[in-house]
Amino acid sequence: MSPFEIGMLVCFGLSWPTTIAKSLRTKNVSGKSPAFMIIVDMGYLCGILHKIYYNYDWVVWLYVLNLAMVSFDLFLYFKYSRKPSA
């Protein structure tokens with residue numbers, strides 16, 4: 001476990017609730033990139049697999065939490081991007 005790895009996950013983890021809250025409040029996802037979120041999800045999944053197979057410690061749960069938040073944001077993107085314009 002590295003304090004830099006923990007710091008990275010905490011910093012990234014703090015940004016996702018903000019963007020999720022904005023999407024939930026405004027129901028507007030313009031400017032978001034589903035491709036970017038999918039790539040980030042794949043990165044977190046790779047981090048989880050690395051932790052499980054090579055270096056398991058409690059930090060794996062930070063990866064899981066971040067993966068869940070990005071996946072939820074991606075879900076909101078698809079939910080609100082199909083919303084008809086007024």
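This passage describes a nonpolar surface patch, a set of aromatic pairs and a buried lysine in a predicted model.

The surface is a good place to begin. A nonpolar patch of about 1,200 Å² is formed there by Met1, Leu45, Leu49, Ile52, Tyr53, Tyr54, Tyr56, Trp58, Trp61 and Val64. Two helices, α2 (34–53) and α3 (60–81), each contribute at least two residues to this patch. Helix α2 provides the largest share, with four residues. Tyr53, one of the patch residues, sits in helix α2. Its relative accessible area is 63%, and Tyr53 is therefore exposed, the cut-off for that class being over 50%.

Attention now turns to the aromatic rings. A pair of aromatic rings is described by the distance of the centres and the angle of the planes. Across the whole structure, a search returns three aromatic pairs, and two of them are described here. One of these pairs joins Tyr44 and Tyr63 in an edge-to-face arrangement, with 6.4 Å from centre to centre and 75° between the planes. Because Tyr44 belongs to helix α2 and Tyr63 to helix α3, this pair ties together parts that lie 19 residues apart in sequence. Both partners are buried, since Tyr44 has a relative accessibility of 5% and Tyr63 one of 9%, against a cut-off of under 20%.

Another aromatic pair is made by Tyr77 and Phe78, again edge-to-face, at 5.3 Å centre to centre and with 85° between the planes. Here the partners fall into separate accessibility classes: Tyr77, at 18%, counts as buried, whereas Phe78, at 35%, counts as partly exposed.

Helix α2 also holds a charged residue that rewards a look, Lys51. Is Lys51 buried or exposed? Its relative accessibility is 1%, so Lys51 counts as buried. What, then, is Lys51 in contact with, once its neighbours within four places in sequence are left aside? The contacts of Lys51 are Met1, Glu5, Tyr56, Asp57, Val59, Val60 and Tyr63. Several names in this list link back to the features above. Met1 and Tyr56 are among the residues of the nonpolar patch, and Tyr63 is the ring partner of Tyr44. Lys51 in helix α2 thus touches Tyr63, a residue of helix α3 that is itself buried at 9% relative accessibility.

Terms used:
Residues are numbered from 1 along each chain as its sequence is written. This is a predicted model: local features need pLDDT of at least 70, side-chain atom pairs count only at pLDDT 80 or more; totals for chains, interfaces and linings use all residues. Side-chain values use heavy atoms; hydrogens and water are left out. Patches are made of residues with over 30% relative accessible area and no salt bridge: like charges are joined within 9 Å, nonpolar side chains (Val, Leu, Ile, Met, Phe, Trp, Tyr) within 5 Å. Accessible areas come from the Shrake-Rupley method with a 1.4 Å probe; for residues, only the protein chains shown count as cover. A salt bridge is a side-chain nitrogen of Lys or Arg within 4 Å of a carboxyl oxygen of Asp or Glu. Buried means under 20% relative accessible area, exposed over 50%, partly exposed in between (1.4 Å probe, protein chains only). Rings of Phe, Tyr and Trp (its six-membered ring) pair if their centres lie within 6.5 Å; planes under 30 degrees apart count as stacked, over 60 as edge-to-face and the rest as tilted. Contact means heavy atoms within 4.5 Å.
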